[in-house]
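Me: I would like to go through this structure by question and answer. Please keep the replies short.

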Amino acid sequence: MYTEKVVEHFRHPHNMGKLADFSAVGKVGNIVCGDVLWLYIRVDKDEEGREILADVSWETFGCTAAIATSSMVSDLAKGKTLEQAIEITNRDVATELGGLPPVKMHCSALAAEALGEAVYDYLVKQGRPIPERLRLRHEHIQKDVAALEKRYAAFLGADEQAKGSPGCGSCT
Amino acid sequence: MAMSKLVYLDHSATTPVAPEVLDAMAVTWSETYGNPSSLHSAGRAAKRLLEESRESIASSLGVRHDEIVFTSGATEADNLALIGASRARAARGGHIVASNIEHHAVLHALDALRREGVESTLVEVDEFGRVDPAAVAAALRPDTFLVSILAGSNEVGTLQPIEEIGALCQKRGVLFHTDAVQALGKVSLPLDGVSLLSASAHKLHGPKGIGFLWIRKGTRLAPLIHGGGHERGVRSGTENVPGAVGFAAALRLAFAEKDQVVPRMVRLRGRLLREVLQIPGTRLNGHPSESLPHIANFSFAALEGESLIMRLDEAGIAASTGSACSSPNLEPSHVLLALRVPISMAHGSLRISTGRQTTDEDIDHLLEVLPHAVSELRAMSPFKVGE
């Protein structure tokens, strides 16, 4: 069901763990769905003075595909400028992994969303203007969180860990 | 690295066919291949094998041979019991009581019956997965004609008070169906108050594609499959002679070695409970003692079950999970949620189910691999245990 590339990333994930000196973090997914991805970025200037993602790492609660897409998106994002990073799509992540089973495509969506949210978080912290597309994407994610929490209110009541973790809309 | 043998701990999903069963079936493929309905000698020989198998199964169960109807498996047997009993009634409508941890074969048959005007009530189990007979009694209505409660849970192993529920149904004049797929051959089944019982061969080292429904004499069922009137008109279709012979052999084997196998299963389950629960952030799903001997279901905080199954698979261990990510509809197991397992813990579930050949060495290997797999996945997780 999984490609060799997916299994390879699952077995030996790249850039795993929390960055000690991260500039921003994108938190997506919800424990209700079974996938939670926190993506950390450290922004630095390159030799030409452009802001790049000097380091990227992640912490993921999820299935094989969620772990492999986390690993892959961190590889893809590393060294990219902020503009380049937010252009990375879920399709890019899935393609680089040699494809994902249809039922697991939402995991790659989660990975791309986490990256967008991390850049969003960085720009907000810097007090900088947010590109229109990134802002819309952020609002969409937040709306899904609210819908999901409403839908699973009964289950979440009994679940301490779920509190305060943002949601994913992709699997609703 | 040399490929070591697979440590198969997923016997609740299916089991390997036992050599004794294969031997018994060998003759049915191209020697005794006749159609049991045929009048000639080849047909009569097949008919003899079929009826011997039926008698063998009936005597293992302590029931009459003409009460056993072969089906394609337990899913069909469950459907036949519920839908067949509903359609055999003169009156329309009516009401069925079941538990909220039944197999999907029962739950989805109830959904189908709802569209035929049959209502149903699902009795909630407690946190250990037990059905309270008093709750079943309270759910009975004047138009209730059937109660369906599985004998032992396929996911968490919890045993149900079949005897009490049976007595209650008998007293109230209500049919009682039990899905005994996991319980058959492992625990004793008091059938006094039971009218219908479903079973499947491939869960006890028999072949796939054969099951039966035991139908107590006098219980009326409308057939679901129409045709040449096989199985006394209850289930048409040329009989699966190899399957029937295999099922009978598997059941004989299960009963013959029950006294050796079951105590070992109980002991291995005890080891699992003691040792797995020492891993921090772990819980048992199910009942510590009122359980099938071969099933132990655990949940691990801060990790997701599908990735745990993959980690174990890489170490040559086959087990299963009730995690949403492993199911086609991305919903966590209805059984774990019914036990009020917190949703995050339901995602991190692991079901270990042993078989007749599972050894202490198999469990040693699991216990060696599991703590590492758990810590590796937790190291990746944003959630930390004990925070």
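**Exposure, packing and the chain contact**

Me: Is E124(B) buried, exposed or partly exposed?
Reply: This is a predicted model. E124(B) has 14 other C-beta atoms within 10 Å. Buried would take 20 or more, and exposed 12 or fewer. The count falls in between, so E124(B) is partly exposed.

Me: Which residues is E124(B) in contact with, leaving aside its neighbours within four places in sequence?
Reply: E124(B) sits in the loop between β4 (119-123) and α5 (133-139) of chain B. One partner, A338(B), is 214 residues away in sequence, yet the C-alpha atoms are 7.0 Å apart. With those neighbours set aside, the contacts of E124(B) are N100(B) and A338(B).

Me: At roughly what angle do the axes of α3 and α4 of chain B cross?
Reply: Helix α3 spans residues 74-87 and helix α4 residues 104-114. Residues of α3(B) including L82(B) and I83(B) meet a set in α4(B) that includes L110(B) and L113(B). This contact has nine nonpolar, three polar and one charged residues. The crossing is right-handed, and the axes come within 9 Å at roughly 35°.

Me: Which element gives the largest share of the side of chain A that touches chain B?
Reply: Chain A puts 23 residues into the contact and chain B 21. On the chain A side, α1 (4-11), β2 (35-45), β3 (51-61) and α2 (64-77) each supply at least two residues. By class, that side has 15 nonpolar, five polar and three charged residues. The largest share is three residues, and it comes from β3(A).

How values were computed
Residues numbered from 1 in each chain as written. Chains lettered and ligands numbered in written order. Predicted model: local features only at pLDDT ≥ 70, side-chain atom pairs only at ≥ 80, totals over all residues. Axes fitted to C-alpha atoms, helices over the stretch in contact; angles between N-to-C directions. Helix = DSSP H or I, 4+ residues; strand = E, 2+ residues; numbered from the N terminus. Left-handed = near helix turned anticlockwise from the far one by under 90°. Contact = placed C-beta atoms within 7 Å. Nonpolar A, V, L, I, M, F, W, Y, C, P; charged D, E, K, R; others polar.
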